[in-house]
Amino acid sequence: MGNNGPADDVEEKSIFRESSFSLQRLAASDTYVSTLPQHHQKLLTSYRSHLEDIRTCVEHNYEIIKLITADVATLFENVKHDAGQVKSKVHPTMSDMEKVQSTLKQIVRDWSKDGEQERAACYDPIIEEIEHKFPPGERALEQVQILVPGAGLGRLAFEIAKRGYSCQGNEFSLFMLFASNFVLNKCQGVETFRVYPWTQQFVNTLSAADVTRGSSFPDLDPSSLPRQAQFSMAAGDFLEVYTEANTWDCIATCFFIDCANNIVSFIETIYKILKNGGIWINLGPLLYHYSDIPGENSIEPTYEMVREIVQGLGFIIEKEQTGVKTTYSQNVRSMLKYEYESVFFVCRKP
């Protein structure tokens with residue numbers, strides 16, 4: 001990125017604004033309580049104490065985020081990432097602040113013991129399929145080139161590389177890139193840091209402890225990756241970074257293909273950059289991230305239509321399973337939970 005530009009300003013201001021917004025939200029609740037009748041205030045003593053506990057957690061999160069974003073100005077030299085999305089705006093939006101919160105939850109999903117169940121549901125089927133398609137002994141594993149687009153904080157790509165494969169993760173979001181860089185390159189040891197990801201969930205909570213509970217990370221030492229491991233993270237737009245045909249033996253996508261304005265372009269690029277005989281493994285729903293965003297174009301084909309597109313571009317579907325129950329950054333103690341019935345499929349490029 002070089003010198004600080006508009007995108008960097010937004011990232012820094014998003015952090016300050018997110019913390020300020022959270023604290024203002026807490027202060028507003030406390031102020032409202034102070035206007036209530038005295039006997040109501042007395043009954044809400046534990047609630048006001050709870051607000052103070054949340055404040056402490058928010059301030060701790062702020063310190064962690066400052067560590068994550070320290071020295072990021074020159075992290076990705078001359079690489080296009082989602083600075084293009086931000087363009088010239090210098091004021092963080094509510095969406096920017098939601099991304100900060102989402103990043104904290106992603107840390108829990110990818111790099112804490114609390115995310116183990118989600119990772120097992122989402123990552124294990126992909127890893128098992130990779131090991132089935134490219135078994136040890138058939139060829140040198142480091143010669144198997146695997147790409148993970150939409151890698152987030154990099155845990156899936158890390159796990160693939162840990163098993164001996166040559167793996168590259170690709171990510172477009174600055175928020176995710178900063179956090180993955182912090183975990184993968186700056187964290188040493190196990191459970192050396194702690195975040196409080198549920199401080200903004202004010203509704204559907206059973207207990208105060210559910211809101212202020214923390215998660216320690218990382219659950220394993222990222223530096224424990226074998227020295228000979230072939231693992232990297234690439235910043236940038238998937239469609240712009242990966243243009244060379246017949247490059248990858250395998251592409252693994254998890255909660256990714258619905259992140260496109262035009263899902264056909266993603267599938268077409270995956271087909272193009274796979275080697276002949278290459279494997280595409282996919283798991284996830286069809287949330288279509290741009291569907292409800294004002295000013296964004298979006299198409300939302302059903303899975304049946306996506307299946308037609310996959311085959312129409314030349315893929316052979318070798319395995320397919322619908323109704324795979326998965327969650328994403330789920331608060332397991334919330335009174336309201338969301339569960340996807342995802343699709344899992346394996347395709348081969350002839």
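In the predicted model, the lining of the second largest pocket draws at least two residues from each of three elements, namely helix α5 (94-111), helix α6 (116-122) and strand β8 (316-326). The space in the second largest pocket amounts to about 420 Å³. Its lining comprises 20 residues, of which D114, Q117, E118, Q330 and V332 are the closest to the centre of the pocket. Sorted by class, the lining of this pocket holds nine charged, seven polar and four nonpolar residues.

Helix α6, one of the elements that supply the pocket lining, also contains A120. The relative accessible area of A120 is 34%, and this residue is therefore classed as partly exposed. A120 is separated from T326 by 206 residues in sequence, yet the C-alpha atoms of A120 and T326 are 9.5 Å apart in space.

At the level of the whole protein chain, the secondary structure consists of 13 helices and nine strands. The chain has 350 residues, and 48% of them are buried. Of the contacts with a separation of 6 or more, 76% are formed by residues 24 or more positions apart. The exposed surface of the protein chain is about 16,900 Å², and 51% of this area is supplied by carbon and sulfur atoms.

Helix α8, which spans residues 155-162, is mostly covered, with seven of its eight residues buried. The buried positions of α8 are R155, L156, A157, F158, E159, I160 and A161. K162 also belongs to helix α8, but K162 has a relative accessible area of 35% and is therefore partly exposed, since a buried residue must fall under 20%. When neighbours within four places in sequence are set aside, the contacts of K162 are with L220, L225 and P226. For P226, the position along the chain is 64 residues from K162, while the C-alpha atoms of the two residues are separated by 6.9 Å. Just after α8, a positive phi of about 105 degrees is found at G164.

A further buried position was examined in a loop. T199 occupies the loop between β3 (193-195) and α10 (208-212). With a relative accessible area of 0%, T199 is buried. Apart from neighbours within four places in sequence, the residues in contact with T199 are I54, C57, V58, N61, Q101 and V211.

The cysteines were considered next. A disulfide is a covalent bond between the sulfur atoms of two cysteines. The search of the whole structure returned zero disulfides. C167 accordingly takes part in no disulfide, and the nearest cysteine sulfur, which belongs to C250, lies 8.6 Å away, whereas a disulfide is assigned to sulfur atoms within 2.5 Å. The relative accessibility of C167 is 2%, so this residue counts as buried. C347 is likewise buried, at a relative accessible area of 0%.

Notes. Residues are numbered from 1 along each chain as its sequence is written. This is a predicted model: local features need pLDDT of at least 70, side-chain atom pairs count only at pLDDT 80 or more; totals for chains, interfaces and linings use all residues. Side-chain values use heavy atoms; hydrogens and water are left out. Helices (H or I, at least four residues) and strands (E, at least two) are DSSP runs, numbered from the N terminus. Buried means under 20% relative accessible area, exposed over 50%, partly exposed in between (1.4 Å probe, protein chains only). Contact means heavy atoms within 4.5 Å. Accessible areas come from the Shrake-Rupley method with a 1.4 Å probe; for residues, only the protein chains shown count as cover. On a 1 Å grid over the protein atoms alone, a cavity is a set of points where a 1.4 Å probe fits but cannot get out, and a pocket is an open set with protein on both sides within 12 Å along at least five of seven lines; lining residues have an atom within 4 Å of a point. Grid points are joined across faces, edges and corners, and a volume is the space filled by probe spheres set on the points. Ala, Val, Leu, Ile, Met, Phe, Trp, Tyr, Cys and Pro count as nonpolar, Asp, Glu, Lys and Arg as charged, and the others, Gly among them, as polar.
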